[in-house]
Amino acid sequence: MVIMVCTCIMIFDLNTFYLKAVLWIPPPHPINFYRCVLIGFVGAVALRETYEYMSNPECKRFGQQSWVAISILATECLIIWKFGYDIVTKPFPTHVIIFWTGFVVIILGWSLWNFTYKLPRRRRTASGRELSECAEEWKAGKSE
């Protein structure tokens, strides 16, 4: 879920540049500034609502501002796709494809290993000994 939040933030940033390129808006134009301010305020509230949904087990609904932010994101992506199809569909260079494929494989592999297959760590006492050693000593001392 956290990766999805990070992905949405990165797509919002990417859309800023694509919208300027596709719609031929010059960088110093005030609409760019107003869009960034609007996305900043909407995004702050949406991030808070998303955090509440993810961290509070009693929260059963996704927040309204989160849905608004997702709708803005989807609309911007559709505008870019419609008016900038020739820009969006250009093939990537081979070295870029190899890098991003490797990056995604490493992130997914690490996530699977860290959160599903990783063996539990052995617990240690303050002195650095394993708890199983202490338990054996305690049992041996108690039986004497």
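Author: A pocket is an open set of grid points with protein on both sides within 12 Å along at least five of seven lines. The model discussed here is predicted.

Reader: How much space lies in the largest pocket?

Author: The residues closest to the centre of the largest pocket are T7, M10, I11, W100 and F103, among 20 that line it. The space in this largest pocket comes to about 720 Å³.

Reader: Which helix supplies the largest share of the lining of the largest pocket?

Author: Helix 1 (2–22), helix 3, helix 4 (85–88) and helix 5 each contribute at least two residues to this lining. By class, the lining residues are 17 nonpolar, two polar and one charged. The largest share, eight residues, comes from helix 1.

Reader: Is F103 buried, exposed or partly exposed?

Author: Buried requires under 20% relative accessible area, and exposed requires over 50%. The relative accessible area of F103 is 39%, so this residue is partly exposed.

Reader: What kind of aromatic pair do F99 and F103 form?

Author: Both residues belong to helix 5 (residues 94–117), where they are four residues apart and therefore separated by about one helical turn. Planes under 30 degrees apart count as stacked. With 20° between the planes and 6.4 Å from centre to centre, the pair of F99 and F103 is stacked.

Reader: How many aromatic pairs does the structure hold, and what kind is the pair of Y53 and F62?

Author: The structure holds eight aromatic pairs. The ring centres of Y53 and F62 are 5.3 Å apart and their planes lie at 85°, so this pair is edge-to-face.

Reader: Which residues form one aromatic cluster with Y53?

Author: Y53 has 32% relative accessibility and therefore counts as partly exposed. Its partners in one aromatic cluster are F62 and W67.

Reader: Which helix supplies the largest share of the largest nonpolar core?

Author: The six residues of the largest nonpolar core are F12, I39, V42, A46, A69 and L73. Helix 2 (30–55) and helix 3 (64–83) each provide at least two of them. The largest share of this core, three residues, is from helix 2.

Reader: Which helix gives the most to the lining of the second largest pocket?

Author: The second largest pocket has a volume of about 440 Å³. Its lining has 21 residues, and those nearest its centre are V5, C8, I9, F12 and A69. Helix 1, helix 2 and helix 3 each give two or more residues to this lining. With eight residues, the helix that gives the most is helix 2.

How values were computed:
Residues are numbered from 1 along each chain as its sequence is written. This is a predicted model: local features need pLDDT of at least 70, side-chain atom pairs count only at pLDDT 80 or more; totals for chains, interfaces and linings use all residues. Side-chain values use heavy atoms; hydrogens and water are left out. Rings of Phe, Tyr and Trp (its six-membered ring) pair if their centres lie within 6.5 Å; planes under 30 degrees apart count as stacked, over 60 as edge-to-face and the rest as tilted. Buried means under 20% relative accessible area, exposed over 50%, partly exposed in between (1.4 Å probe, protein chains only). A nonpolar core is a set of buried Ala, Val, Leu, Ile, Met, Phe, Trp, Tyr and Cys residues joined through side-chain atoms within 4.5 Å. On a 1 Å grid over the protein atoms alone, a cavity is a set of points where a 1.4 Å probe fits but cannot get out, and a pocket is an open set with protein on both sides within 12 Å along at least five of seven lines; lining residues have an atom within 4 Å of a point. Grid points are joined across faces, edges and corners, and a volume is the space filled by probe spheres set on the points. Ala, Val, Leu, Ile, Met, Phe, Trp, Tyr, Cys and Pro count as nonpolar, Asp, Glu, Lys and Arg as charged, and the others, Gly among them, as polar.
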